[in-house]
Amino acid sequence: MNCTRIMPATLVVLLFASACQPEEPGLAIQLQFASRPLNEGGETGKPPADIDAFRLCVQDGEGRLLRCKDFNDLTAGKVRLGGIATGTEHIVTFQGYRNGSADQAPEAIWCGRATRVSVQSDQTTTVRMLLSLCGDFSETPARPATARVWHSATLLPNGKVLLAGGFGSLQAGDDMAELSATSSVEIYDPVLGSFSASVDLSQARGLHAAMALSDGRVLLAGGCTLLGLPRSFSDPDQPGSPLICLDPGLAATTAEIVDVQAGTSELFDIPFSVFSASVPLSADRMLLAGGRDEQGQSLDQALLINAADGSVSVRSLPHLLTAARHSALALSLAASIGQPDEALVIGGMPAAGIDDPGDFAEKLVIGQDDVLSLTPKFVSAGIGLGLPVMHAAGCLLSPGRLLVAGGANPARYQSQDTPFLPAPLQSGAVIDLRAEQIKILSQEQELNLPRLFHTITAVDRTGNALVVGGFSRRDAATTSQHQASDLAEGWSESDNSFSLVWLRGEPVHMKYARAGHTTTRLGDGTLLITGGMNEESVFASAEIFNPFSTALEEQGLPVLW
């Protein structure tokens with residue numbers, strides 16, 4: 001495999017604004033490149049061989065252009081860009097490009113962006129920026145130390161990402177493949193592209209819930225310690241989920257708060273929680289909806305966890321949900337300040353019949369101490385179409401507008417297959433809660449290939465999203481019982497459909513086919529993909545998707561959020 005690491009060109013930006021010398025340049029930039037392909041050693045300090053020049057732009061905090069300049073001398077140790085107004089929230093963007101020709105425009109190859117850059121009089125500010133391939137995937141300069149799948153990746157207030165838990169090993173068995181949980185925690189630094197070990201979890205866990213607290217600590221709750229991927233299912237009409245928690249262990253009955261700064265992880269008792277849908281809430285609270293009990297039965301309860309006072313308190317809300325659910329998808333809705341948190345819970349229960357999706361979704365309104373469940377009109381109207389799925393993926397496109405796709409049906413629904421298997425799905429829907437409507441995607445609009453244990457992540461504020469990874473089909477000849485995909489596709493809000501992501505006339509692929517990974521949107525607009533598994537093994541790897549176009553932008557890279 002010919003894989004290229006991110007060029008963590010550390011752009012060292014020295015910013016000056018001198019009152020005594022107003023004619024002096026306001027921005028001096030020292031470039032330090034480090035190209036590190038996997039199959040050969042890179043030369044630190046050398047610019048990449050595949051560009052002819054680079055464009056540096058400085059914008060204000062809203063993305064309005066302050067100054068742009070192109071530099072053609074790639075051997076210069078320093079370059080200067082003057083005429084920059086002082087400010088504390090500037091943005092610096094980099095585009096390394098190839099020159100065009102008479103009939104071809106210049107093409108940006110390497111893109112990078114730094115935010116919250118301070119330019120002050122008589123002060124020097126150093127900015128480091130991680131460059132990656134524009135419109136493509138690049139491996140991170142360093143790899144994680146721990147292989148993990150079905151872990152959590154939590155964006156911290158300082159822009160770093162905390163990777164916690166997951167399942168770190170895969171063992172083949174006669175009836176199923178087994179995965180054991182890990183307690184490992186690592187921190188990803190998006191500026192350096194590096195991973196560092198942190199304090200271990202108090203309890204190994206995977207398939208858990210996680211969220212960042214306002215003080216920078218991270219709350220984790222529930223999960224499983226030993227997971228199974230079964231080869232066969234006893235019920236030919238209702239096979240259920242393709243995952244089984246073989247041993248919940250203490251993970252299912254505990255939550256913990258990880259404090260990276262203090263190097264501690266404190267454990268708290270909670271009611272049993274496995275395969276619950278999680279919703280991060282305001283005021284350092286988390287909601288866990290549904291799940292399975294100790295006997296493996298689906299639950300209609302919810303848990304409201306409060307970590308606002310430094311400890312953890314839990315309120316059980318029995319029989320809150322309209323239907324017992326597990327492995328559902330819960331998406332938090334954009335709530336106004338001072339308004340209750342809201343979420344939509346989708347799937348997690350079998351269809352009521354082959355043409356009846358049943359109560360496949362419900363809206364939750366969360367107050368300070370109570371939760372109200374409401375049935376949307378598109379469910380109660382009984383139109384015969386819905387998403388009675390498990391393990392679907394989705395994202396919020398805009399306030400009140402959600403995209404959901406993929407997953408697996410846990411029971412026979414709109415299919416005559418016998419036996420019926422929880423196979424990956426291509427189907428999806430756009431849900432508009434403001435209009436109380438659901439639009440089931442047509443064959444022309446839905447995913448280009450089936451996906452299960454994939455991710456869907458919004459990439460900009462105009463409603464576009466990226467879909468990566470997932471199992472694309474069942475395969476009994478493999479240890480995981482599935483084949484994973486490396487093909488990327490995007491959701492276009494203007495076209496209302498999915499389509500493959502293309503670059504230079506070719507579909508864009510991840511560096512590795514993976515499922516059960518995480519995708520995290522970083523502060524520079526790129527997406528971090530970590531961990532996951534393929535047919536035979538769990539990964540200790542990570543890659544970056546850079547959503548910026550290869551078109552050379554006249555005013556620098558645009559603000560996506």
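Start by selecting Thr146 in this predicted model. Buried or exposed? Thr146 is buried, because its relative accessible area is 19% and the cut-off for buried is under 20%. You'll find Thr146 in the loop between strand 10 (137-139) and strand 11. Now show side chains: the one on Thr146 makes a polar contact with the side chain of Ser184, at 2.9 Å. Leaving out residues up to four places away in sequence, Thr146 also touches Thr182, Glu186, Phe539 and Ala540, besides Ser184 itself.

**Next stop: the sheet after that loop**

Select strands 11, 12, 15 and 16. These four form an open sheet in the order 11-12-15-16, with antiparallel pairing. Strand 11 (152-155) and strand 16 (194-197) are at the edges; each has a single partner strand, so one side of each has no neighbour in the sheet. On average, neighbouring strands here are turned by 25° against each other, direction ignored. Zoom in on strand 15 (residues 185-189) and strand 16: they pair in the antiparallel sense over four bridges. For a concrete rung, pick Tyr188, whose bridge partner in strand 16 is Phe195.

**Another four-stranded sheet**

Now move along to strands 17, 18, 21 and 22. They make an open sheet of four strands in the order 17-18-21-22, again with antiparallel pairing. Its edge strands are strand 17 (209-212) and strand 22 (264-269), and each of those pairs on one side only. Neighbouring strands of this sheet are turned by 20° against each other on average, direction ignored. In the middle of the order, strand 18 (residues 218-221) and strand 21 (residues 254-259) pair in the antiparallel sense over four bridges. Label Leu219 and Ile257 to see one bridge, with Ile257 being the partner in strand 21.

**Ring hunting**

Colour the aromatics. How many aromatic pairs does the structure hold? There are nine. Go to Phe137 and Phe545, a tilted pair with 4.9 Å centre to centre and 50° between the planes. Phe137 sits in strand 10 and Phe545 in strand 45 (residues 542-545), so this pair ties together parts that are 408 residues apart in sequence. Both Phe137 and Phe545 are buried.

Then select Tyr512 and Phe539, another tilted pair, at 5.7 Å centre to centre and 45° between the planes. Tyr512 is in the loop between strand 42 (506-507) and strand 43 (518-521), while Phe539 is in the loop between strand 44 (527-530) and strand 45, with 27 residues separating the two. Tyr512 and Phe539 are both buried. You've met Phe539 already, as one of the residues that Thr146 touches.

For a cluster, select Phe54, Phe71 and Phe94, which ring pairs link together.

**An arginine on the inside**

Jump to Arg325, in the loop between strand 26 (313-317) and strand 27 (329-332). Why does Arg325 count as buried? Because its relative accessible area is 1%, whereas the cut-off is under 20%. Measure a distance in your viewer: a polar atom of the Arg325 side chain lies 2.7 Å from the backbone oxygen of Asp359. Next, add Met349, 24 residues away from Arg325 in sequence, with a C-alpha to C-alpha distance of 5.0 Å. Setting aside neighbours within four places in sequence, the contacts of Arg325 include Gly290, Gly291, Ser298, Leu299, Val345, Phe360, Ala361 and Glu362.

**A hairpin to compare faces**

Ala361 from that list is a handy signpost to strand 29 (residues 361-366), which four bridges join to strand 30 in an antiparallel run. Strand 29 and strand 30 form a hairpin with four residues between them. Pick Ile366 and its bridge partner in strand 30, Val371. Which residues of strand 30 (residues 371-374) are on its covered face, and which on its uncovered one? Val371 and Ser373 are on the covered face, while Leu372 and Leu374 are on the uncovered one.

**Zooming out**

Finally, show the whole chain as a cartoon. The protein has one helix and 45 strands. Of its 561 residues, 57% count as buried. Among contacts between residues at least 6 apart in sequence, 60% join residues at least 24 apart. Switch on the surface to finish: the protein exposes about 22200 Å², of which carbon and sulfur atoms supply 46%.

Notes:
Residues are numbered from 1 along each chain as its sequence is written. This is a predicted model: local features need pLDDT of at least 70, side-chain atom pairs count only at pLDDT 80 or more; totals for chains, interfaces and linings use all residues. Side-chain values use heavy atoms; hydrogens and water are left out. Buried means under 20% relative accessible area, exposed over 50%, partly exposed in between (1.4 Å probe, protein chains only). Contact means heavy atoms within 4.5 Å. Accessible areas come from the Shrake-Rupley method with a 1.4 Å probe; for residues, only the protein chains shown count as cover. A polar contact is a pair of N or O atoms within 3.5 Å; within protein, one must be able to donate a hydrogen and the other to accept it, and residues adjacent in sequence count only if both atoms are side-chain atoms. Two strands pair if DSSP finds at least two bridges between them. Axes are lines fitted to C-alpha atoms, for helices over the stretch in contact, and angles run from 0 to 180 degrees between N-to-C directions. Rings of Phe, Tyr and Trp (its six-membered ring) pair if their centres lie within 6.5 Å; planes under 30 degrees apart count as stacked, over 60 as edge-to-face and the rest as tilted.
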